[in-house]
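Colleague: Could we go through this model together? I should like to understand the fold before turning to single residues.

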Amino acid sequence: MVEYKCFDCGKNIDSTTLRRMVRCPYCGGKMLYKPRSVPTKVKAR
Ligand SMILES: [Zn+2]
């Protein structure tokens with residue numbers, strides 16, 4: 001699953017959401033970027 005991030009509010013946006021609207025659903029910003037190779041989820045064992 002690919003996640004994008006809003007440049008303005010910094011919220012994660014799912015790629016399925018962006019298939020309909022190419023803008024941030026939270027603030028309406030168009031500046032979206034894809035954080036690559038950033039370990040957002042770390043499994044604690
Ligand atoms: Zn936003």
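Modeller: The following exchange goes from the overall fold to individual residues. This is a predicted model, in which local features need pLDDT of at least 70 and side-chain atom pairs count only at pLDDT 80 or more, while totals for chains, interfaces and linings use all residues. Residues are numbered from 1 along each chain as its sequence is written.

Colleague: What is the mean pLDDT of the chain?

Modeller: The mean pLDDT is 81, and 78% of the residues reach 70 or more. The term pLDDT stands for the predictor's confidence in each residue, from 0 to 100.

Colleague: And which elements have the lowest and the highest mean pLDDT?

Modeller: Helix 1 (residues 15-18) has the lowest mean among the elements of the chain, at 78, and strand 2 has the highest, at 90. Where pLDDT is low, the predicted coordinates should not be read in detail.

Colleague: How many helices and strands are there in the chain?

Modeller: The chain has one helix and three strands. Helices (H or I, at least four residues) and strands (E, at least two) are DSSP runs, numbered from the N terminus. Along the sequence they follow the pattern β-β-α-β.

Colleague: In what order do the strands of the sheet stand?

Modeller: The three strands form an open sheet with the order 2-1-3 and antiparallel pairing. Strand 2 (12-14) and strand 3 (32-33) are at the edges with a single partner strand each, so one side of each has no neighbour in the sheet. Two strands count as paired if DSSP finds at least two bridges between them.

Colleague: How many bridges join strand 1 to strand 2?

Modeller: Strand 1 (residues 3-6) is joined to strand 2 by three bridges, and the two run antiparallel. Within strand 2, Ile13 is the bridge partner of Tyr4. Between strand 1 and strand 3 there are two bridges, also in the antiparallel sense. There, Cys6 has Leu32 of strand 3 as its bridge partner.

Colleague: Which residue takes a positive phi in the hairpin of strand 1 and strand 2?

Modeller: Gly10 does, with a phi near 75°, in a hairpin that has five residues between the strands.

Colleague: Cys9 next, please. Where is its place?

Modeller: Cys9 is in the loop between strand 1 and strand 2. It touches Cys24, Tyr26, Cys27 and Gly29, leaving out residues up to four places away in sequence. Contact requires that the C-beta atoms of two residues, placed from the backbone, lie within 7 Å. From C-alpha to C-alpha, Cys9 and Gly29 are 8.3 Å apart in space and 20 residues apart in sequence.

Colleague: Why does Cys9 count as partly exposed?

Modeller: Cys9 is partly exposed because 13 other C-beta atoms lie within 10 Å. A residue is buried if 20 or more other C-beta atoms lie within 10 Å of its own, exposed if 12 or fewer, and partly exposed in between, with C-beta atoms placed from the backbone.

Colleague: What about Lys11, and which residues does it touch?

Modeller: Lys11 lies in the loop between strand 1 and strand 2. Not counting residues up to four places away in sequence, Lys11 touches Cys6 and Tyr26. Lys11 is partly exposed, with 13 other C-beta atoms within 10 Å. Its C-alpha is 8.5 Å from that of Cys24, 13 residues apart in sequence.

Colleague: Is Lys34 buried or exposed?

Modeller: Lys34 counts as exposed, since it has 11 C-beta neighbours inside 10 Å. It is placed in the segment after strand 3. Lys34 touches Val2 and Tyr4, residues up to four places away in sequence not being counted.

Colleague: And the helix: with which residues is Leu18 in contact?

Modeller: Leu18, found in helix 1, is in contact with Tyr4 and Ile13, leaving aside its neighbours within four places in sequence. With 16 C-beta neighbours inside 10 Å, Leu18 is partly exposed.

Colleague: Finally, what percentage of the residues in the chain is buried?

Modeller: Buried residues make up 7% of the 45 residues in the chain.
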